[in-house]
Amino acid sequence: KKSNKMPFGQLVFGHPGAGKTTYCRGVAEYLRGLGREVSIVNLDPANENLPYEAKIDIRELVDHKTVMKEESLGPNGAFLFSLEYLMSNQDWLGEEVTKDQKAYYLFDCPGQVELYTNHEAFRQIVIFLQKKANIQLCAVHLVDSINCRSGPHYVSALLMSLHTMLNLELPHVNVLSKIDLLKNYDLDFGLDFYTEVHDLEHLITAMTTRDTFPPRFAKLNEAIVSLIEDFPHVSFHTLCIDEVDSVKEIMTQIDQANGYSFQPFQNQHNSTARLAATAAQTLESNYLDRFINNNSSR
């Protein structure tokens with residue numbers, strides 16, 4: 001009997017080094033502790049050393065190194081070629097994701113930002129997953145919290161987040177990742193300033209004094225900040241993937257965004273408290289095991 005249960009999923013993307021692959025591994029462990037069936041989909045054709053078992057791997061269809069060699073393309077050109085090839089072979093992806101309608105999908109996406117902002121291929125893949133594969137998706141945009149140290153870097157992250165939100169037209173959760181490392185640095189403002197994205201005119205002053213911008217850039221900075229404030233859609237949640245409570249908070253936001261929280265559950269006898277406790281125990285145990293193994297190999 002075919003299941004009529006609607007699958008849910010996350011598109012996890014962000015700049016290189018933002019922690020996308022680590023996020024997928026950690027969230028998968030957390031969700032499996034809750035009793036969810038999770039399938040991780042690797043959509044990065046250059047992601048060779050996966051710390052998780054990918055249920056679906058784009059490299060089975062197209063490989064980044066092979067494309068560079070056979071098509072005489074550079075790294076970025078090979079990424080664009082690979083995504084266009086995937087777009088033209090959407091049926092392959094559709095067949096793979098529809099094999100298991102009970103799974104919760106985590107799509108580990110490439111780190112090249114132009115794929116989400118300036119190119120149509122990824123947008124078409126998203127539309128296909130929604131309409132043909134019928135997956136309820138939420139975009140999860142990871143931004144390394146270290147960007148908060150620099151006004152220009154932070155503004156760049158805001159523009160990237162806003163542009164992607166408007167381009168993909170998905171429920172969207174922006175995340176400042178590696179938030180535990182931010183305590184080692186001094187910020188111009190409190191953390192709430194960077195998560196709530198309010199009163200950005202104060203950022204202009206900080207950029208002028210601390211980042212020593214030439215005066216001729218003042219009007220440009222003001223125009224960029226004004227543009228962001230004209231579209232008050234961007235805000236951030238914080239995440240430390242090694243802390244269960246932090247992962248739980250992010251998943252609460254994502255489950256509300258993609259609608260998972262609002263579906264009827266049949267197994268009401270499983271209390272939320274018991275499931276959360278199981279998830280916490282599983283996640284902490286896995287992290288402890290990895291910590292011991294990593295240190296014993298040194």
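A salt bridge is counted here where a side-chain nitrogen of Lys or Arg lies within 4 Å of a carboxyl oxygen of Asp or Glu. The legends below describe close-up views of a predicted model, in which a search of the whole structure finds 7 such salt bridges.

**View A. A salt bridge joins the side chains of Glu 48 and Lys 65.** The nitrogen-to-oxygen separation in this pair is 3.1 Å. Glu 48 belongs to the loop between β2 (38-42) and β3 (56-57), while Lys 65 belongs to helix α2 (residues 64-71), so the contact ties together parts that are 17 residues apart in sequence. Glu 48 is partly exposed, at 40% relative accessibility, whereas Lys 65 is exposed, with a relative accessible area of 52%.

**View B. The side chains of Asp 57 and Arg 59 form a salt bridge.** Here the N to O distance is 2.6 Å. The acidic partner, Asp 57, is buried, its relative accessible area being 8%, and the basic partner, Arg 59, counts as partly exposed at 26%.

**View C. Glu 120 and Arg 123 are paired by a salt bridge within helix α6.** The closest N and O atoms of the two residues are 3.6 Å apart, and because the residues are 3 positions apart in the helix, they are separated by about one helical turn. Glu 120 is partly exposed, with a relative accessible area of 39%. Through salt bridges that share partners, Glu 120, Arg 123 and Glu 169 are joined into one network.

**View D. The largest nonpolar core of the model contains 33 residues.** Val 97, Phe 107 and Leu 129 are the residues with the most contacts inside this core. Elements that each give two or more residues to the core include β1 (8-14), α3 (75-88), α4 (90-97), β4 (104-108) and α7 (151-168), and the largest share, 6 residues, comes from α6. When neighbours within four places in sequence are left aside, Leu 129 is in contact with Leu 93, Val 97, Phe 107, Asn 134, Ile 135 and Leu 137. Another core, of 28 residues, lies apart from the largest one and has Ala 18, Leu 34, Leu 106 and Val 140 among its members.

**View E. The rings of Tyr 104 and Tyr 260 form one of the 11 aromatic pairs counted in the structure.** The ring centres are 5.8 Å apart and the planes stand at 80°, so the arrangement is edge-to-face. Tyr 104 lies in strand β4 and Tyr 260 in the loop between α11 (244-258) and α12 (272-296), so this pair ties together parts that are 156 residues apart in sequence. Both Tyr 104 and Tyr 260 are buried.

**View F. Tyr 154 and Phe 236 form a tilted aromatic pair.** The two rings are 6.4 Å apart from centre to centre, with 45° between their planes. Since Tyr 154 lies in helix α7 and Phe 236 in the loop between α10 and β7 (237-238), the pair ties together parts that are 82 residues apart in sequence. Both Tyr 154 and Phe 236 are buried, and ring pairs link them with Phe 189, Phe 193 and Tyr 194 into a cluster.

**View G. Leu 166, Leu 227 and Phe 231 form a nonpolar patch on the surface.** Together these residues have about 250 Å² of accessible area. Leu 227 lies in helix α10 (residues 218-230) and is partly exposed, with a relative accessible area of 39%.

Note on methods. Residues numbered from 1 in each chain as written. Predicted model: local features only at pLDDT ≥ 70, side-chain atom pairs only at ≥ 80, totals over all residues. Heavy atoms only, no water. Core = buried A, V, L, I, M, F, W, Y, C linked by side-chain atoms within 4.5 Å. Buried < 20%, exposed > 50% of the residue type's maximum accessible area, 1.4 Å probe, protein only. Helix = DSSP H or I, 4+ residues; strand = E, 2+ residues; numbered from the N terminus. Contact = heavy atoms within 4.5 Å. Patch = residues over 30% accessible without salt bridge, like charges linked within 9 Å, V, L, I, M, F, W, Y side chains within 5 Å. Areas by Shrake-Rupley, 256 points an atom, 1.4 Å probe, with all protein chains shown as cover. Phe/Tyr/Trp six-rings, centres within 6.5 Å; stacked < 30°, edge-to-face > 60°.
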